[in-house]
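Please look over the structure shown here, and then read the briefing on its sheet and on one helix that packs against that sheet.

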Amino acid sequence: MIASTRDKKRSEPIINYGSYKVSDAGVRLVLERIAVETGRAVKVTSGDRDWVPSGGARNSLHLNKRAVDFHVEGWPDAQVFDLLLAKRATIFGESKGKAFRYQIIQHGPDTITGGAHIHMGIVPEPGEAYGRGFLVEGMTAATRGRYKVVDPP
Ligand SMILES: [Zn+2]
């Protein structure tokens, strides 16, 4: 069967995991959707962790093997975050309220963590004590270490 021009142009989503392990299949699926929506490769900068890095949250979803840190190659993090918000239904599904179990954080230039990045995790059960929805931290020096919800679940 001859592939159409469209099919030839479309490429498989590229996720560059490097040396990082991301155990959660739901987290990996979201990364693939992000690669598709942006048309760019996703570069993972952290995944499963069994330690709390400097500035990291003690109840981090990385410790549950349910989170990833990443950039989209060639895109500023703010542009990625805006796309995740705009394509929320496509990338995360239609769920609202307690059913929306995703935690998306833009750690900005003044982040308390190791460096600016996008963080995405999946809260194990609805109603558990993790921030859900879209949050920002460290966008300015005044908000270093302070998490603000910009779009609730
Ligand atoms: Zn993270």
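In this predicted model, seven strands (DSSP runs of E, at least two residues, numbered from the N terminus) form an open sheet of mixed pairing in the order E1-E2-E3-E5-E4-E6-E7, where two strands pair if DSSP finds at least two bridges between them. Strand E1 (15–16) and strand E7 (147–151) stand at the edges with a single partner strand each, so one side of each is left without a neighbour in the sheet.

Basis of the description
- Residues are numbered from 1 along each chain as its sequence is written.
- Because the model is predicted, local features need pLDDT of at least 70 and side-chain atom pairs count only at pLDDT 80 or more, while totals for chains, interfaces and linings use all residues.

Sheet pairing
- E3 and E5 pair in the antiparallel sense over four bridges, and the bridge partner of Ala-67 in E5 is Gly-121.

Helix H2
- Helices are DSSP runs of H or I with at least four residues, and H2 has 14 residues.
- Val-27, Val-30, Leu-31, Ile-34 and Ala-35 of H2 are buried, meaning that 20 or more other C-beta atoms, placed from the backbone, lie within 10 Å of a residue's own, whereas exposed means 12 or fewer and partly exposed lies in between.
- On the other side of H2, Ala-25, Gly-26 and Leu-29 are exposed.
- Ile-34 touches Val-42, Val-72 and Ile-91, not counting residues up to four places away in sequence; contact here means C-beta atoms, placed from the backbone, within 7 Å.
- Just after H2, Gly-39 takes a positive phi of about 70°.

How values were computed
Two residues are in contact if their C-beta atoms, placed from the backbone, lie within 7 Å. The expected span of a helix is 1.5 Å times one less than its number of residues.
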